[in-house]
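Colleague: I'm new to reading structures, and I keep tripping over the vocabulary. Could you walk me through why things get the labels they get?

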Amino acid sequence: MQIYLPIAEVSVNAFLLLGLGGLVGILSGMFGVGGGFLMTPLLFFIGIPPAVAVATEANQIVASSFSGVLAHLKRKTVDLRMGTVLLIGGLIGAALGVMVFNYLKSLGQVDLLVKLCYVIFLGVIGGLMFIESLKAIRQSKSGKRAPRKKHNWIHGLPFKMRFRVSGLYISVIPPLIVGVLVGILAAIMGVGGGFIMVPAMIYLLGMPTKVVVGTSLFQIIFVTAFTTMLHATTNYTVDIVLAVLLLVGGVVGAQIGTRIGVKMKAEQLRILLAIMVLVVCGKLATELLFQPSELYSIGAVGGH
Amino acid sequence: MGKLWSILLVTLLLALPVRAEEDIVLGLSQAEVSITTNFDGSEILIFGAVKRETRIPDGPPLQVIATIAGPSTAVNVRRKEKKLGIWVNTDTIIIDRAPSFYAVATSGPFKEVLNDIEDLRYRISIPRAIRSVGAPMNIKDAPSFTNALIRIRSRSDQFQLLENAVTIDEQTLFRAAINLPAALTEGDYTTRIFLTRGGKVVAQYETAIDVRKVGLERWLFNMSRQQSFLYGLMSLAIAIAAGWGASAAFSVFRR
């Protein structure tokens, strides 16, 4: 069934979009990522103009993350306090990131920088996670338990706060800094930042993997809602018809994803996320390294 | 003597065949295209007749060209190049005016139907319909950018060259069908008809097809421009409602 999108001004297959939304929704519920870094290239591929794809994707992520958070709240796997601290940092970071983005735009070549950013971050994060979770799986098979890090320099910082759900008693400074850094990257790269936030929470803050997913989704809702409003009022690029098609699939997918995630072991979840991140990284790297079939591209004058 | 000569000259001139007055009478299957939610492209049927006061002139046969052009905008064409081992966009050319849609249908091979001078004058062929004024000094092969634009847009049926797509009966009646793709932008689509003989344009006719969004499409589009804040809030409300709805539905099923 073909549907004409009023803002994107293209006609697309409705069932294809429902399916795509569902698929990304499952990943979202499982791993606590928004899925923007997967969905946006897919939307480009089916012919949605890039500006519309990025803006509409933000709106769809609001829906699937909200659906995922509700499922996680029932299982008490959302650390609302930690989420709020990260969110405050994230919003500060996003504001800084927009400034950095505009500065880079004035220098030109912002597209290249975004892509390089993606490849480097995805490669490093995916690689480290993959190695770590592989070790954890081996250890759990041989019966040994991974030694839990007790104390490091992070525990010496002031402004300590108790995060009951995560079982942490740490200073608010590290989560704030993580929030700011992810916010900056998210604004530059045009994504919710879940795939950076999740590993950062696991490895830098030492939060349990099960809590991380729900907490990440919680803060993604606000970041992407903010992005949606920004795009809708300044660029007029949110396509509500496209959003509805994607989010119907997305919210159902998120519910299924959450249930799959709960049944899996933490290290299995981590290794799958690591593989996914590495695949996306590999795809972007090949785009940069190999000669594209079409050397020329068409863009609107004034856009980027 | 002189008077006789001038009379003779006048009679000779009158006896010469005058340039045939041929006019176009045109009909379109639809003068407007409504873009609805389930819009999936549209076929425009062009049919017409040649009106003459005199009989069909001798000489090369009548040929017909029909063009439909969507609204024009300026576009950026970028080219990638390998720099330090990675493929990056290097050169950019701004093409001043390129139609979002352009179709040319002819009654014969393009080169036979129209000569280059007339093409230049009326901007009929696809490369002529695109206007590219100047390229920056450092880019030497500017035409390759225009060619790339034509190649990319032809691939998605936004540019169509339909040779032998116009049928002519008895040098008087003609008809053609042009398919508008589903990815259509709004605006006035200029439709032009040319009659040619021996590569030269002998008559021309121009009209417009009105392409407009209607109903829900119209309403949403207007709202996104005029009440963008409300539109954004509405998008978010739908997202939150859908997220909550799915969660509620699943918890009912699970119990």
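Colleague: Let's start small: which residue of β5(B) stands opposite Ser297(A)?

Modeller: That's Arg78(B). Bear in mind that we're looking at a predicted model.

Colleague: How do you know that the strand holding residues 296-300 of chain A really pairs with β5(B)?

Modeller: Count the bridges. Two strands pair if there are at least two bridges between them. Strand β5 of chain A (residues 296-300) has five bridges to β5(B), so the two count as paired. They run antiparallel. Another bridge here links Ala300(A) with Val75(B).

Colleague: What else on chain B touches chain A, and which element gives the most?

Modeller: In total, 45 residues of chain B are in contact with 47 residues of chain A. On the chain B side, the elements giving two or more residues are β5 (72-83), β6 (86-99), α5 (142-155), α6 (215-226) and α7 (228-254). The top contributor is α7(B), with 15 residues. Sorted by class, that side has 27 nonpolar, eleven polar and seven charged residues.

Colleague: What makes β5(B) and β6(B) a pair?

Modeller: The same kind of count. Ten bridges join them, and a pair needs at least two, so they qualify. They run antiparallel too, and one of the bridges matches Thr73(B) with Ala98(B). In their hairpin there are two residues between the strands, and Leu84(B) takes a positive phi near 55°.

Colleague: Now chain A. Why are α3(A) and α9(A) called roughly parallel?

Modeller: Look at the angle. Helix α3 (residues 50-74) and helix α9 (residues 240-263) of chain A pack at about 25°, with their axes 8 Å apart. Angles under 35 degrees count as roughly parallel, so this pair earns the label. Their crossing is right-handed.

Colleague: What kinds of residues make that contact?

Modeller: By class, eight nonpolar, eleven polar and no charged ones. Among them are Ala63(A) and Ser67(A) from α3(A), and Leu246(A) and Gly250(A) from α9(A).

Colleague: How do you know whether Ile196(A) is buried or exposed?

Modeller: Count the neighbours again. Ile196(A), in helix α7 (residues 194-204) of chain A, has 23 other C-beta atoms within 10 Å. The cut-off for buried is 20 or more, so Ile196(A) is buried. Leaving aside neighbours within four places in sequence, Ile196(A) is in contact with Phe121(A), Ile125(A), Val182(A) and Leu185(A).

Colleague: And why does Ala285(A) get the label "partly exposed"?

Modeller: Ala285(A) has 18 other C-beta atoms within 10 Å. Buried needs 20 or more, and exposed needs 12 or fewer, so Ala285(A) is partly exposed. You'll find Ala285(A) in helix α10 (residues 266-289) of chain A. Ala285(A) and Val119(A) are 166 residues apart along the chain, with their C-alpha atoms separated by 6.2 Å.

Colleague: Last one: what makes β1 and β9 of chain B edge strands?

Modeller: Each pairs on one side only. They belong to an open sheet of four strands in the order β1-β3-β10-β9 (chain B), with antiparallel pairing. The twist averages 20° from one strand to the next.

Colleague: And how do you know that β9(B) pairs with β10(B)?

Modeller: Three bridges join β9(B) to strand β10 (residues 173-180) of chain B. At least two are needed, so the pairing counts. One of the bridges puts Asp169(B) with Leu173(B).

Conventions
Residues are numbered from 1 along each chain as its sequence is written. Chains are lettered from A and ligands numbered from 1 in the order in which they are written. This is a predicted model: local features need pLDDT of at least 70, side-chain atom pairs count only at pLDDT 80 or more; totals for chains, interfaces and linings use all residues. Two residues are in contact if their C-beta atoms, placed from the backbone, lie within 7 Å. Ala, Val, Leu, Ile, Met, Phe, Trp, Tyr, Cys and Pro count as nonpolar, Asp, Glu, Lys and Arg as charged, and the others, Gly among them, as polar. Axes are lines fitted to C-alpha atoms, for helices over the stretch in contact, and angles run from 0 to 180 degrees between N-to-C directions. Angles under 35 degrees count as roughly parallel, over 145 as roughly antiparallel, 65 to 115 as roughly perpendicular and the rest as oblique. A crossing is left-handed if the near helix is turned anticlockwise from the far one by less than a right angle, and right-handed if clockwise.
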